[in-house]
Amino acid sequence: MFLLLAMAYDRYVAICKPLRYTVLVNRTVCHVLVGASWGGGFLQGIIVFALTIKLPFCGLSILDSFFCDVRQLAKLTCTNTQWNF
């Protein structure tokens, strides 16, 4: 999501302000956009991990799909996950 936002900003500037592109999207702006993408993704991952690690798991540990998604893990818990997700 964060990377798509950075790409959308880049395309917006390239299409709407093509003559000012090199001024508006310089090396510093690219570094900030990449850093924000990495930082935002890392922060979001840590928050999801912290919310998931607290949940008590019981019963069968069989997931419905191959990909271990947060919603799939929420189905395996013994408690109400309404406030977590």
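A residue is taken as buried when its relative accessible area is under 20%, and as exposed when that value is over 50%. With this in hand, the predicted model can be explored starting from its first helix, α1. In α1, the buried positions are Ala6, Asp10 and Val13. Viewed down the axis of α1, its buried residues fall within an arc of 65°, so they line one face of the helix. The other side of α1 carries Leu4, Leu5 and Ile15, which are exposed. Among the elements that cover the buried residues of α1 are α2, made of residues 21–24, and α3, made of residues 27–53.

The length of α1 is also worth a look. This helix runs over residues 2–16, and its 15 residues should span 21 Å at 1.5 Å a residue; the C-alpha atoms at its ends are 21 Å apart, so expectation and model agree. A similar check can be made for α3, which has 27 residues. From its first C-alpha to its last, α3 reaches 39 Å, close to the 39 Å expected at 1.5 Å a residue.

How do these two helices meet? The axes of α1 and α3 come within 8 Å and cross at roughly 160°. Because angles over 145 degrees count as roughly antiparallel, α1 and α3 are roughly antiparallel to each other. Their crossing is right-handed. On the α1 side, the contact is made by Phe2, Leu3, Ala6 and Tyr9, and Ala6 is also one of the buried residues of this helix. On the α3 side, Val29, Leu33, Ser37, Gly40 and Gly41 take part.

Turning to α3 itself, Ser37, Gly40 and Thr52 are buried. Ser37 and Gly40 thus appear both in this buried set and in the contact with α1. The cover over the buried residues of α3 includes α1 and α4. Thr52, which is found in helix α3, has a relative accessibility of 11% and therefore counts as buried. Its C-alpha atom is separated by 30 Å from that of Val32, with the two residues lying 20 residues apart along the chain.

Beyond α3, the chain enters a loop that leads to α4, the helix of residues 70–75, and Leu60 has its place in this loop. Is Leu60 buried or exposed? Its relative accessible area is 67%, so Leu60 is exposed. Leu60 and Thr77 are 17 residues apart along the chain, and their C-alpha atoms are separated by 9.9 Å.

How values were computed. Residues are numbered from 1 along each chain as its sequence is written. This is a predicted model: local features need pLDDT of at least 70, side-chain atom pairs count only at pLDDT 80 or more; totals for chains, interfaces and linings use all residues. Side-chain values use heavy atoms; hydrogens and water are left out. Helices (H or I, at least four residues) and strands (E, at least two) are DSSP runs, numbered from the N terminus. The expected span of a helix is 1.5 Å times one less than its number of residues. Buried means under 20% relative accessible area, exposed over 50%, partly exposed in between (1.4 Å probe, protein chains only). The arc is that of the directions from the helix axis to the C-beta atoms. Contact means heavy atoms within 4.5 Å. Axes are lines fitted to C-alpha atoms, for helices over the stretch in contact, and angles run from 0 to 180 degrees between N-to-C directions. Angles under 35 degrees count as roughly parallel, over 145 as roughly antiparallel, 65 to 115 as roughly perpendicular and the rest as oblique. A crossing is left-handed if the near helix is turned anticlockwise from the far one by less than a right angle, and right-handed if clockwise.
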